[in-house]
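Me: I have a chain open and a list of terms I want justified. Take me through them one at a time, with the cut-offs.

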Amino acid sequence: MTEGYKLGDLVWAKMKGFSPWPGRVSIPTPELKHPKKGMSVQCIYFFGTNNYAWIEEHNIKPYQEHKEQLIKSSKSAAFKEACNQIEDYIVHPEVR
């Protein structure tokens, strides 16, 4: 398992009840309360939804490494849009 993600790393992040979703390790927004101490978490910006959440590191995977497997995990329009946004970000990171 890869740990120690850096700010800006592109990832797949899994929240309970949801398929893994494309995201980016980010600086938390002021309204995002930090979780309990002792938890190994990262603040993730989710493409497509523009939401932020604290995700435990064991629920995060590197984007490129797992792209082929996880890009097929959902057929929803929102998921496809999120995948398009992360791919656009890879090509044009300065736009965000």
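Me: What makes β3 and β4 a hairpin, and what is the phi of Gly 48 in the turn?

Reply: β3 and β4 form a hairpin with 4 residues between them. Gly 48, in the turn, has a positive phi of about 85 degrees. The model is predicted: local features need pLDDT of at least 70, side-chain atom pairs count only at 80 or more, and totals for chains, interfaces and linings use all residues. Residues are numbered from 1 along each chain as its sequence is written, and side-chain values use heavy atoms, with hydrogens and water left out.

Me: How do you know that β3 and β4 pair?

Reply: Two strands pair if DSSP finds at least two bridges between them. β3 and β4 have 6 bridges, in the antiparallel sense. So the pairing holds under that rule. Phe 46 stands opposite Asn 51 in β4. Strands themselves are DSSP runs of E, at least two residues; helices are runs of H or I, at least four; both are numbered from the N terminus.

Me: What joins strand β2 to β3?

Reply: 3 bridges join β2 (residues 21-25) to β3, and the two run antiparallel. The bridge partner of Arg 24 in β3 is Tyr 45.

Me: Why is β3 called largely enclosed?

Reply: Buried means under 20% relative accessible area, exposed over 50%, and partly exposed in between (1.4 Å probe, protein chains only). In β3 (residues 41-46), 6 of the 6 residues are buried, so the strand is largely enclosed by the rest of the structure. Val 41, Cys 43 and Tyr 45 point one way, while Gln 42, Ile 44 and Phe 46 point the other way. In a regular strand, side chains alternate between the two faces of the sheet.

Me: Why is Glu 65 called exposed or buried?

Reply: Glu 65 has a relative accessible area of 59%, so it is exposed. Glu 65 lies in helix α1 (residues 63-70).

Me: How many aromatic pairs are there, and what makes a pair?

Reply: Rings of Phe, Tyr and Trp (its six-membered ring) pair if their centres lie within 6.5 Å. Planes under 30 degrees apart count as stacked, over 60 as edge-to-face, and the rest as tilted. By this rule there are 6 aromatic pairs.

Me: Why is the pair of Trp 12 and Phe 79 stacked or edge-to-face?

Reply: The centres of Trp 12 and Phe 79 are 6.1 Å apart, with 25 degrees between the planes: an aromatic pair, and stacked. Trp 12 is in strand β1 (residues 10-13) and Phe 79 in helix α2 (residues 77-91), 67 residues apart. Both Trp 12 and Phe 79 are buried.

Me: And what is the geometry of Trp 21 and Phe 79?

Reply: Trp 21 and Phe 79 are 5.4 Å centre to centre, with 75 degrees between the planes, and that pair is edge-to-face. Trp 21 lies in β2 and Phe 79 in α2, so the pair ties together parts 58 residues apart in sequence. Trp 12, Trp 21, Tyr 63 and Phe 79 form one aromatic cluster.

Me: Which span does UniProt list for "domain: PWWP"?

Reply: The unreviewed UniProt entry lists residues 7-66. Such annotations may be inferred rather than shown by experiment. The end C-alpha atoms of residues 7-66 lie 19 Å apart, and the span is 7% helix and 40% strand.
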